[in-house]
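The exercises below are to be worked with the sequence and the coordinates at hand. Each task is followed by a solution in steps.

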Amino acid sequence: MTEIQAGPGAAVAAAPVSGDVPAIELDNVVKEYVSHGEVVQAVKGVSLAIAEGEFFSLLGPSGCGKTTSMRMIAGFEDPTQGVVRLHGEDVTNVPPNKRDINMVFQSYALFPHMNVWDNVAFGLKRKKVPDTEIKRRVGEILEVVDLVGREKRRPKEMSGGQQQRVALARALVNRPRALLLDEPLGALDLKLRQAMQIELKRIQREVGLTFVYVTHDQSEALTMSDRIAVMHDGLVEQLADPREIYERPASKFVAGFIGTSNLLSGTVQQVTGDTAVLALGASDRILIPADGALAAGATVDLTVRPEKIKIAKDQPEGDLSVVRGTVAEVVYLGTYNSYVVVLGDGAEITVFEQNAHDSTITAERGDTVWLSWQPWHSYALR
Amino acid sequence: MSRLRASLTPYLLLFPGTLWLAIFFVIPTVVMLSLSLQSGDVVNGYAFTFNWHSYVDGISTYHDQIIRSLVYGLFSTLIQIVIGFPVAYWIAFKGGSRKSVYLFLLLLPFLVSFVLRTISWQFFLSDNGMLLGPLKSMGLVPQDFHILATSAAVIGGLAYNFLPFMILPMYVALERIDPRVLEAAQDLYASKVQTFLRVVLPLSLPGVFAGVLMTFVPATSDYVNASVLGGTSNTMIGNVIQNQFLINQDYPTASALSFTLMALLLVGIFAYARALGTEDVLEVAAR
Ligand SMILES: Nc1ncnc2c1ncn2[C@@H]1O[C@H](COP(=O)(O)OP(=O)(O)OP(=O)(O)O)[C@@H](O)[C@H]1O
Ligand SMILES: [Mg+2]
């Protein structure tokens with residue numbers, strides 16, 4: 001079973017790891033809360049299947065239903081509708097302590113009255129693992145998360161990063177079949193965050209564990225995940241691998257949420273061969289691959305990534321999208337320059353220019369410039 | 001100038017409280033201590049003589065009442081833990097948005113005076129009162145059955161009167177427990193019962209500890225419950241002290257008994273704090 005179903009209208013992508021049964025499956029799951037007499041739909045019908053050993057991310061803005069979805073997988077919330085399956089088994093009505101998965105909480109939720117060792121050993125003791133094995137496994141996992149020598153510390157005597165590693169060890173030591181992580185790095189500073197991202201990815205690869213990773217940080221999701229479900233307002237907008245999500249956003253929302261993107265729209269003037277031509281102004285035109293759906297007269301929303309666009313003082317030649325505008329802003333960012341160019345119709349386009357040679361700036365504020373990009377870098381949004 | 005003010009601020013903040021305690025606690029305590037070492041009588045006056053006999057005589061005459069007070073205090077405290085913990089637990093975890101309403105309801109009876117409440121218990125429990133009257137007329141209990149003037153009545157009264165002081169600290173401790181921590185326990189294969197025993201209970205211990213301190217001390221030194229509900233054979237050391245002070249005007253004996261009680265309570269509290277108040281207890285409880 002490698003076929004993955006996403007929310008209504010979302011793209012369908014194959015799981016990178018093929019196995020017979022998905023590790024985790026949500027089948028048209030809905031979660032409603034009643035708050036102050038009003039029904040709130042936190043999750044409005046999500047279906048997804050996560051393969052064994054996959055690093056799967058739930059990405060989306062605050063309040064889109066990521067935590068709620070994850071809590072239904074863990075068993076802390078009962079779905080209003082739909083079915084949750086773990087390794088093919090319907091666990092919709094199974095309590096959390098009977099599910100062979102562990103969760104790393106957003107706030108860590110360490111036991112404040114226990115030291116590091118007792119925190120980590122908690123799950124094994126409940127599973128009645130023999131003492132000698134508990135000793136060995138807790139010792140091993142503390143080595144993995146680099147906390148040897150801190151066994152006797154209480155959570156409040158440790159830094160945020162250390163607590164985070166205790167939380168991770170406490171879950172990993174049980175060797176669950178899947179690990180759920182709810183924004184586990186949210187409270188850490190940038191440096192530690194990046195170090196922990198690499199660490200998590202290493203552990204995941206070494207242990208071969210299924211990770212479900214909740215985050216609202218798109219760069220974190222892009223760098224770490226095998227696949228990403230982009231959520232918006234209780235629904236999955238797109239489910240695909242990071243490259244696909246970045247290069248081929250399924251909707252305006254996804255394009256706007258992931259990275260910097262330029263949203264443009266225009267009317268198809270003519271279709272020649274496999275390229276449609278959109279006219280914006282007198283000398284401006286945008287070329288876009290015509291996949292058969294585009295006919296003359298149709299209105300198209302499209303997106304272009306800033307790094308795909310070339311900025312020049314002279315009009316470029318060739319079969320390119322070409323638009324003209326005035327530089328409104330130039331920001332020097334070390335490895336690249338960022339320009340904001342305002343077009344004739346008031347639309348703003350952001351352009352990134354690599355500082356590959358000298359750190360020279362092509363255009364200054366107020367200059368008139370030409371922007372160009374390859375037809376296939378225009379990406380039509382539905 | 002502002003540096004000076006900053007360094008003075010802690011003292012200024014402490015000043016009213018310190019003054020209050022100096023006038024109404026330290027001075028009377030010193031006066032009482034000196035009283036307990038005086039000899040003489042009401043008519044001829046008392047003089048300071050380093051007279052230890054008030055202590056020796058007091059303890060040998062009234063050791064029954066002293067022990068009874070400690071036992072009553074202990075039992076009433078235990079009853080309060082048993083009754084109060086579930087209430088505190090329920091309000092903290094199931095009270096939802098109405099927590100403060102429930103806490104207010106809990107405190108509502110205590111807007112009525114302590115003595116009045118105890119006297120209404122006397123009405124309620126009296127030999128042919130609201131409780132026993134109907135039961136006796138229905139023949140459910142024997143005619144000579146009584147609750148008043150038994151140690152049960154006194155312990156019950158003590159447990160009732162100090163209950164909020166047990167519940168409130170326990171509630172505060174339970175309310176502070178992060179629900180995510182309980183979910184984490186469940187996530188780590190603990191059943192509901194194990195979650196309670198391994199996580200909720202140890203984390204509530206500081207509240208139980210505070211509750212015991214706040215109820216055991218006043219219950220042990222109380223005299224109202226014993227005099228209203230206990231008849232003549234269940235007197236506590238508080239009743240003796242009150243009698244010696246106000247009726248017999250034997251100030252040295254009364255003071256000596258007060259200090260004896262205070263010393264016993266202090267020793268008890270320190271022993272209790274050493275046994276229960278440390279962090280190690282939490283860790284042991286969590287195993
Ligand atoms: N217990 C609850 N009662 C009522 N509404 C709730 C409850 N829990 C969540 N919600 C609502 O459901 C929606 C989704 O919440 P959820 O916690 O899943 O968001 P999230 O994607 O995890 O956001 P964040 O990134 O801020 O953590 C929100 O609008 C939230 O207000
Ligand atoms: Mg969340």
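A polar contact is a pair of N or O atoms within 3.5 Å; within protein, one atom must be able to donate a hydrogen and the other to accept it. The model used here is predicted.

**Exercise 1. The start of helix 4 of chain B**

Task: Find which backbone nitrogen a side-chain oxygen of B:Ser113 reaches at the start of helix 4 of chain B.

Solution. The partner is the backbone nitrogen of B:Val115, and the oxygen of B:Ser113 comes to within 3.2 Å of that atom.

**Exercise 2. Length and faces of helix 4 of chain B**

Task: Check the length of helix 4 of chain B against the expected rise per residue, then determine how its buried residues are arranged around the axis.

Solution.
Step 1. Helix 4 of chain B covers residues 114–125, which is 12 residues. The expected span is 1.5 Å times one less than the number of residues, so it should be 16 Å; the end C-alpha atoms lie 17 Å apart, in agreement.
Step 2. With buried meaning under 20% relative accessible area, the buried residues of this helix are B:Arg117, B:Thr118 and B:Leu125.
Step 3. Viewed down the helix axis, these buried residues fall within an arc of 95°, and therefore line one face.
Step 4. The face turned away from the buried side carries B:Leu116 and B:Phe123, both exposed.
Step 5. The buried residues pack against helix 5 (132–137), helix 6 (151–175) and helix 9 (224–229) of chain B.

**Exercise 3. Helix 3 of chain A**

Task: Repeat the analysis for helix 3 of chain A, residues 131–144.

Solution.
Step 1. The 14 residues should span 20 Å at 1.5 Å a residue, and the end C-alpha atoms are 20 Å apart, which agrees.
Step 2. Buried in this helix are A:Ile134, A:Arg137, A:Val138, A:Ile141 and A:Leu142.
Step 3. These residues lie within an arc of 135° seen down the axis, so they line one face of the helix. In general, an α-helix has 3.6 residues a turn, so residues three or four places apart point the same way.
Step 4. A:Thr132, A:Lys135 and A:Glu143 are exposed on the other side.
Step 5. The cover over the buried residues includes helix 2 (116–126) and helix 4 (160–172) of chain A.
Step 6. After the helix comes A:Asp146, with a positive phi near 60°.

**Exercise 4. The interface between chain B and chain A**

Task: Describe the contact between chain B and chain A in terms of residues, area and polar pairs.

Solution.
Step 1. On chain B, 22 residues are in contact with 29 residues of chain A.
Step 2. About 2,400 Å² is buried between the two chains, and carbon and sulfur atoms give 55% of this area.
Step 3. The count of salt bridges is 1: A:Arg71 pairs with B:Glu183, the closest N and O atoms being 2.7 Å apart.
Step 4. There are 7 residue pairs in polar contact, both residues being at pLDDT 80 or more.
Step 5. Helix 7 (179–187), helix 8 (192–220) and helix 12 (279–286) of chain B each give two or more residues to the side that touches chain A. Helix 7 gives the most, with 7 residues.

**Exercise 5. A:Ser372**

Task: Is A:Ser372 buried or exposed?

Solution.
Step 1. A:Ser372 lies in strand 19 (residues 368–373) of chain A.
Step 2. Its relative accessibility is 8%, so A:Ser372 counts as buried.
Step 3. Leaving aside neighbours within four places in sequence, its contacts include A:Lys308, A:Ile309, A:Pro316 and A:Val322.

Definitions and conventions:
Residues are numbered from 1 along each chain as its sequence is written. Chains are lettered from A and ligands numbered from 1 in the order in which they are written. This is a predicted model: local features need pLDDT of at least 70, side-chain atom pairs count only at pLDDT 80 or more; totals for chains, interfaces and linings use all residues. Side-chain values use heavy atoms; hydrogens and water are left out. Helices (H or I, at least four residues) and strands (E, at least two) are DSSP runs, numbered from the N terminus. Buried means under 20% relative accessible area, exposed over 50%, partly exposed in between (1.4 Å probe, protein chains only). The arc is that of the directions from the helix axis to the C-beta atoms. Contact means heavy atoms within 4.5 Å. Buried area is the accessible area (1.4 Å probe) that two parts lose on being put together, summed over both. A salt bridge is a side-chain nitrogen of Lys or Arg within 4 Å of a carboxyl oxygen of Asp or Glu.
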